[in-house]
Amino acid sequence: MGVWAYYHVIRQHYGFMVLYKVKNRDLNPLDNTLDRVLLGVMTIAPPFHRFFIHHPEELGLKFAFPRFEPVLWAIVAATLAIWLGRQWVRHREGDALDLPKHLLLLAVIPLHWLTFAYLSWQAAVPTVTIVHNLQYHALVWFHNRNRYGGSKQYGRVPAAVSRSLLAYAGVGLAFSVLYRVPGFQLGQVSDLAFGFFCGFGLTHYYLDSRIWRVRHDPGLRAALGMA
């Protein structure tokens, strides 16, 4: 569950980054590759460093790869150096700065490194979702406001929730209470009951991979202002 949750977060970060890149015409093939590699290395390296090099016992593992640590740091340093060098070249050539993409990376990368360096493994996955959650709600609010706000074509509820940010936040908080509190109680009952609760999260991960396909959905592109 935790592995899929973390993979979901990484994929969401990548999806947000691609949306920013498309919106800002930051689509040079070389930069696409370097951005993807940077995000992948900088989000996979922190948990690997913690759980597979220094503290495998936290995951119940009986093996580790301490000799791989110098290689890991070399990969991290080389990836960062190449990416920063490319940004310097782009600056010298007068390319426009893709500020949203850079702010996303600046928020995501330090958060992942600090989380896996200082927090318990139980707190790691919920903590690294902070940026993901903020980005996701911003995306959903922007989409819903453009698609449903002020129109009852899709029903009264979407129109009402999408008309006001306060209404959207209120519905979100109410749903969180109705979802999280029973889920916590189930976790106290038995592992089987908690597994049932986890099924909702797994369903979310799967559906997210299906519904946010901007390239194949003209209506979604229009609602996100990318038509």
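Are Asp26 and Lys101 buried or exposed? In this predicted model, Asp26 is buried, and Lys101 is buried as well. The two residues form a salt bridge, with their closest N and O atoms 2.8 Å apart. This pair links distant parts of the chain: Asp26 lies in the loop between H1 and H2, while Lys101 belongs to helix H4 (residues 99-118), 75 residues apart.

**Salt bridges**

The count for the model comes to nine salt bridges. Three of them are set out here.

| Acidic residue | Basic residue | Closest N and O atoms |
|---|---|---|
| Asp26 | Lys101 | 2.8 Å |
| Asp35 | Lys21 | 2.8 Å |
| Asp95 | Arg90 | 3.3 Å |

The bridge between Asp35 and Lys21 also links distant parts of the chain, with Asp35 in helix H2 and Lys21 in helix H1, 14 residues apart. Asp35 is buried, because its relative accessibility is 0%. Lys21 has a relative accessible area of 3%, so it too is buried.

In the pair of Arg90 and Asp95, Arg90 counts as buried at 10% relative accessibility. Asp95 is partly exposed, because its relative accessible area is 35%, which lies between the limits of 20% and 50%. Salt bridges with shared partners join these residues into one network, made up of Lys21, Asp26, Asp31, Asp35, Arg86, Arg90, Asp95 and Lys101.

**The second largest pocket**

Rolling a probe the size of a water molecule over the atoms shows where empty space is left. The second largest pocket has a volume of about 980 Å³. It is lined by 28 residues, and those closest to its centre are Arg11, Tyr14, Gly15, Val18 and Trp212. The elements that give two or more residues to this lining are H1, helix H2 (29-54) and H8. Helix H1 gives the most, with 13 residues. By residue type, the lining of the second largest pocket divides into 15 nonpolar, six polar and seven charged residues.

**A nonpolar patch on the surface**

Which residues make the nonpolar surface patch of about 530 Å²? The patch is made by Trp4, Tyr7, Tyr206, Leu207 and Ile211. Helix H1 (2-23) and helix H8 (191-211) are the elements that each give two or more residues to it. Helix H8 gives the most to the nonpolar patch, with three residues.

Tyr206 is placed in helix H8. With a relative accessible area of 46%, Tyr206 is partly exposed. Residues of a patch need over 30% relative accessible area, so the 46% of Tyr206 meets that cut-off.

Note on methods
Residues numbered from 1 in each chain as written. Predicted model: local features only at pLDDT ≥ 70, side-chain atom pairs only at ≥ 80, totals over all residues. Heavy atoms only, no water. Patch = residues over 30% accessible without salt bridge, like charges linked within 9 Å, V, L, I, M, F, W, Y side chains within 5 Å. Areas by Shrake-Rupley, 256 points an atom, 1.4 Å probe, with all protein chains shown as cover. Salt bridge = Lys/Arg side-chain N within 4 Å of Asp/Glu carboxyl O. Helix = DSSP H or I, 4+ residues; strand = E, 2+ residues; numbered from the N terminus. Buried < 20%, exposed > 50% of the residue type's maximum accessible area, 1.4 Å probe, protein only. 1 Å grid on protein atoms, 1.4 Å probe; cavity = no way out; pocket = protein on both sides within 12 Å on 5 of 7 lines; lining within 4 Å. Points joined across faces, edges and corners; volume = space filled by probe spheres on them. Nonpolar A, V, L, I, M, F, W, Y, C, P; charged D, E, K, R; others polar.
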